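Here is a short report on one protein model. Look over the sequence and the structure first, then read on.

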Amino acid sequence: MSQAVPFSTILSVNPHRHDYYVSSLNTLSLATSPSFKKDQYAISFLDTKNFISALISVSKNVPDDDIADALENKSYEELALDTAIEYQIRYTEAIHHANDSDRFFHVFVVEPEVVIQAFVPVVDTIKYVDQITPIPLLLKALYAKNFIDSEGAHGFVYFQENDAFFALYNEQEYIYSKSLKYSLTQMHERYCELLGEVVTLANFEILLVTQGRNTDNEEHQEVLLKLFGEIFLHVNDVLLYAKRVFEIKQLDALYIGASVGVIDGLDEYAQTFLTLKVHPFNFDLGFITGGNTIDQMNQLMHVYARLEPQEGYDCNFTEFHRPPPFVKRDSGRLILATLASLVIAFLYPGAYWAMAYGEDFHYAMMSRNYQEVHPQKMDRETKVNERLANQKQAQALLDEQQVDYNQKKDTMIQIHDKKVNYPMKAKIIADFTQNFNQYRVRLEEVKYHEDNMSVQTFSFKLNATKTQDITALLKQLTATKSDKYNFSLQLIAYDINSSSYLSELKAEIRKGEDK
């Protein structure tokens, strides 16, 4: 939630079920007539099936200001995105995946049309949505507020009517998420198929919550057990994949739940099937609900909206921002300027009449006192002539100082030009480093020198296991960069201690190529 605006209530929105819950302090209840309110913060989520997520690396040499562009380019390349579509791309850094050369980011990609279609009914009702967060990131609130205070790897499986997802957290940070093929609707369809008769979705959900797998009807129990087996076979495949890719040796706990409430016996079945420690996804988040059953995701949105910026993830896909204050809008400024113009227009005639009357009165008073003032005038003219002479002398001194100022100004301009037009050393070094890595040549040391003739030279001390790597590197650099640099390579020497070849490559920047 924005800390700059004092919101008094929070409104959570399920964009698919179109239910709204409002909270104030620790009271949470269904909003029967939701509408826009200035002091109300609106939050919702994106289902996992509506976005693409991936772990993408970026070199540590890339400045922070260029991270967004670099991730966007790599996302289009690595995820094979359609270049004709301008996707919404958000990211959060994966702090536990960094290495010596790269930074890693969890990237979330969404088609703008998907967001618009999902939230048009919501915006028609409440006008604005302040925050739309990928649903797996809401789980961060469980760690930030110590509802889960243990370290280690935790899995989460949650079933909703239109989607189901698996999320993996390690050391209290988001690692991975995937949409599962068994939403409550899909479970219902498969249940009817296995049973051989049609049961309404509402009755199926009631069966899950009130009886679960312990139903007294043996036929229904047999069908449910078969259905659960198919579900957790799929979950197990996803879990094994995630553990292998992210090198998770052991999952410390798995939390399973559904938007309809606790499914009796589901956690026990999962624990037996997956041979893992399984808990119900049914946290007491501290809200007073009046005894009503409220979806855990709706509750989590209210907790997540209260997090400080550093506690959650900055990953907001909303396109439905509330407008700025009236005086900061272009239309507001125009209206205020128009009103000011009208006020001035009406005041002008009266002000002009008052000024004319005052001038007539002043003229009469001045005429009466003219005879007294005239002698003073002559005396003051004499003084004025003296001061004009002094002014002329002062102007001459000012002109001299102006010449000195212009000389210093020109010197400062030359110094500024020298600083601005220095070569982009970091960019040049990063460019050469890519070539060194390509030919398996390690950079031991880099130096930069500029002599009195403004000759700018980079010196690279190189280390390679083979002389062919250094010579191949020089051949490549000469072929691709000779228009920008003059290259020279010192004698390649063999170092017995390190069993490697050492050499020094010098790259002199050609004139005109240093910007």
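## Salt bridges

The structure holds 15 salt bridges. The model is a predicted one. Side chains of opposite charge can pair when their charged atoms come close. Three of the pairs are set out below.

| Pair | Closest N to O distance |
|---|---|
| Arg-322 and Asp-130 | 2.8 Å |
| Arg-440 and Asp-469 | 3.3 Å |
| Arg-442 and Glu-444 | 3.1 Å |

Take Arg-322 and Asp-130, whose side chains meet in a salt bridge. Arg-322 sits in the loop between helix H8 (296-305) and helix H9 (330-368). Asp-130 sits in the loop between helix H2 (112-126) and strand E8 (131-134). The pair therefore ties together parts that are 192 residues apart in sequence. Is each partner buried or exposed? Arg-322 is partly exposed, at 24% relative accessible area. Asp-130 has a relative accessibility of 13%, so it counts as buried; the cut-off for buried is under 20%.

Next comes the salt bridge of Arg-440 with Asp-469. Arg-440 lies in the loop between helix H11 (425-438) and strand E14 (442-450). Asp-469 belongs to helix H12 (residues 467-481). The two residues therefore tie together parts that are 29 residues apart in sequence. Arg-440 is exposed, with a relative accessible area of 59%. Asp-469 is buried, at 6%.

Arg-442 and Glu-444 also meet through their side chains. Glu-444 is partly exposed, with a relative accessible area of 43%.

Which residues are linked in a network of salt bridges? They are Asp-64, Glu-93 and Arg-103.

## A negative patch

Charge also shows up on the surface. Asp-65, Asp-66, Asp-69, Glu-72 and Glu-86 form a negative surface patch. One of these residues, Asp-69, has its place in helix H1 (residues 67-78). Asp-69 is partly exposed, and its relative accessible area is 47%. Patch residues must have over 30% relative accessible area and no salt bridge.

## Overall form

How many helices and strands are there in the protein? The protein has twelve helices and 18 strands. Its radius of gyration is 37 Å, well over the 24 Å that the globule rule gives for 515 residues, so the protein is more spread out than a compact globule. Along the principal axes, the C-alpha atoms fill a box of roughly 125 × 90 × 40 Å. Of the 515 residues, 38% count as buried.

## Two residues with positive phi

Two loop residues come next. His-18 has a phi near 55°, a positive value in a residue other than glycine. The place of His-18 is the loop between strand E1 (9-14) and strand E2 (19-24). At a relative accessible area of 39%, His-18 is partly exposed.

Gln-172 is another non-glycine residue with a positive phi, near 65°. Where does Gln-172 lie? Gln-172 lies in the loop between strand E10 (164-170) and strand E11 (173-180). Gln-172 is buried, with a relative accessible area of 18%.

## Two distances along the chain

Sequence separation can be set beside distance in space. His-220 lies in helix H6 (residues 218-245). With 18% relative accessibility, His-220 counts as buried. His-220 and Ile-126 are 94 residues apart along the chain, and their C-alpha atoms are separated by 42 Å.

Ile-263 is found in the loop between strand E12 (253-258) and helix H7 (266-274). Ile-263 is buried, with a relative accessible area of 5%. What separates Ile-263 and Pro-280 in sequence and in space? They are 17 residues apart in sequence and 8.6 Å apart in space, C-alpha to C-alpha.

Definitions and conventions. Residues numbered from 1 in each chain as written. Predicted model: local features only at pLDDT ≥ 70, side-chain atom pairs only at ≥ 80, totals over all residues. Heavy atoms only, no water. Patch = residues over 30% accessible without salt bridge, like charges linked within 9 Å, V, L, I, M, F, W, Y side chains within 5 Å. Areas by Shrake-Rupley, 256 points an atom, 1.4 Å probe, with all protein chains shown as cover. Salt bridge = Lys/Arg side-chain N within 4 Å of Asp/Glu carboxyl O. Lys, Arg positive; Asp, Glu negative; His and termini not counted. Charge placed at Lys NZ, Arg CZ, Asp CG, Glu CD. Helix = DSSP H or I, 4+ residues; strand = E, 2+ residues; numbered from the N terminus. Buried < 20%, exposed > 50% of the residue type's maximum accessible area, 1.4 Å probe, protein only. Rg over C-alpha atoms; globule rule 2.2 N^0.38 Å.
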